[in-house]
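Biologist: I am new to reading structures, and I would like to learn how the words in a description are earned. Could you show me the model and let me ask about the reasons?

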Amino acid sequence: MTGQKGLFKTSVARKNLMAITGLFTAFFLIIHLAGNLVLIIPDSYFPIEFWGNVASAHDMYNAYSHFLVHFWPITVIAWILYASIAIHAIDALLLTLNNRKAAGSKYVKFNNSGSTWQSRNMGILGSILLIFIILHMAQFWLQYKVLGTREDIYELVIETFHVWWYVVIYVVSITVLGFHLSHGIDAAFRSLGVYSTRGMKFAKCFAKFFAVILSVLYAIIPILVYFNVV
């Protein structure tokens, strides 16, 4: 038991834990994006004969949200996600404190000359994202799922994305997410053992590609809704 506690106190174990929770959250972002893209699908792509009672993006988004809230396996996965985000944030804080403590030692010197801007500011980027997640969940998850004050989640999202300052906060936060992912995914692969030259090169390229595509697709949704393009 003592050895097990010691294992989870090592920086290697904490980096592995942060990598796993981070990759799990990144996977959730893909699923979440797929659902949100329904918001910008033109109604002409919803023929009643094909979708049954779902005849518009409005119906489809509400059906998707209802499924997420009322299908119990999804609820279990959602709570695992909340736990992953909390563990990821706490783990990052502990690693940062350990690194600062080590940096204060005269025996440890860090060379950041080859590091990227995002790698040196992951703590700030992560803190901004945490604030955004709380704001985002208070605006949608709290009203729709917890309090039940809004039954039509599609209307709530459309109303919110017609508020200019929320759109600005959303787009800026998604840009921050892109920088966080571009370094985080690359670092996660290295923490989990991708050390070969070819593997590290692939991980770096994949992380940038994933971060850019995901960020653009997320950011374009509120912009299109705000300007009534869809």
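Modeller: Gladly! Let's start with Arg190, which has a relative accessibility of 28% and counts as partly exposed. Keep in mind that this is a predicted model.

Biologist: Why is Arg190 called partly exposed?

Modeller: Buried means under 20% and exposed means over 50%, with partly exposed in between. Arg190 is at 28%, so the middle label applies.

Biologist: And what makes Asp186 buried?

Modeller: Asp186 has a relative accessible area of 3%. The cut-off for buried is under 20%, so Asp186 falls in that class.

Biologist: How do you know that Asp186 forms a salt bridge with Arg190?

Modeller: We look for a side-chain nitrogen of Lys or Arg within 4 Å of a carboxyl oxygen of Asp or Glu. In this pair the closest N and O atoms are 3.3 Å apart, so the pair passes.

Biologist: Where do Asp186 and Arg190 sit relative to each other in helix H9?

Modeller: They are 4 residues apart in helix H9, which covers residues 164-191, so about one helical turn separates them.

Biologist: What makes Lys204 and Asp186 a salt bridge as well?

Modeller: Their N to O distance is 3.1 Å, and the limit is 4 Å, so this pair also qualifies. The pair links distant parts of the chain: Lys204 is in helix H10 (residues 197-226) and Asp186 is in helix H9, 18 residues apart. Lys204 itself is partly exposed, with a relative accessible area of 41%.

Biologist: Why speak of a network for Asp186, Arg190 and Lys204?

Modeller: Asp186 bridges to Arg190, and Lys204 bridges to Asp186. Salt bridges therefore link Asp186, Arg190 and Lys204 in a network.

Biologist: How many salt bridges does the whole structure have?

Modeller: The search finds 3. One of them joins Glu159 and Arg150, with the closest N and O atoms 3.2 Å apart. That is within 4 Å, so the name fits here too. Glu159 is partly exposed at 42%, and Arg150 is partly exposed at 22%.

Biologist: What makes the pattern of the protein chain a row of α signs?

Modeller: The chain has 10 helices and 0 strands. Read along the sequence, the pattern is α-α-α-α-α-α-α-α-α-α. Of its 230 residues, 31% count as buried.

Biologist: Which residues make the nonpolar surface patch?

Modeller: Leu135, Trp164, Trp165, Val168, Ile169 and Val172 make it, and its area is about 570 Å². H9 gives the largest share, 5 residues, while Leu135 lies in helix H7 (residues 122-146).

Biologist: Why can Leu135 be part of a patch if it is partly exposed?

Modeller: Patch residues need over 30% relative accessible area. Leu135 has 33%, so it clears that cut-off while still counting as partly exposed.

Biologist: Now the second largest pocket: what is its volume, and which residues are closest to its centre?

Modeller: Its volume is about 150 Å³. Of the 13 lining residues, Leu39, Ala57, Tyr154, Ile158 and Val230 are the closest to the centre. Helix H4 (57-70) and helix H8 (153-160) each supply at least two residues of the lining. By class, the lining has 9 nonpolar, 3 polar and 1 charged residues.

Biologist: Is Met60 in H4 buried, exposed or in between?

Modeller: Met60, which lies in helix H4, has 22% relative accessibility. Buried would need a value under 20%, so Met60 counts as partly exposed. Met60 and Gly35 are 25 residues apart in sequence and 9.3 Å apart in space, C-alpha to C-alpha.

Biologist: What makes Leu93 exposed?

Modeller: Leu93, in helix H5 (residues 72-103), has a relative accessible area of 52%. The cut-off is over 50%, so Leu93 is exposed. Leu93 and Ser127 are 34 residues apart in sequence and 9.7 Å apart in space, C-alpha to C-alpha.

Biologist: And what about phi of Asn228?

Modeller: Phi is near 55°, a positive value in a residue other than glycine. Asn228 lies in the segment after H10. At 54% relative accessibility it is over the 50% mark, so Asn228 counts as exposed.

Methods
Residues numbered from 1 in each chain as written. Predicted model: local features only at pLDDT ≥ 70, side-chain atom pairs only at ≥ 80, totals over all residues. Heavy atoms only, no water. 1 Å grid on protein atoms, 1.4 Å probe; cavity = no way out; pocket = protein on both sides within 12 Å on 5 of 7 lines; lining within 4 Å. Points joined across faces, edges and corners; volume = space filled by probe spheres on them. Nonpolar A, V, L, I, M, F, W, Y, C, P; charged D, E, K, R; others polar. Buried < 20%, exposed > 50% of the residue type's maximum accessible area, 1.4 Å probe, protein only. Patch = residues over 30% accessible without salt bridge, like charges linked within 9 Å, V, L, I, M, F, W, Y side chains within 5 Å. Areas by Shrake-Rupley, 256 points an atom, 1.4 Å probe, with all protein chains shown as cover.
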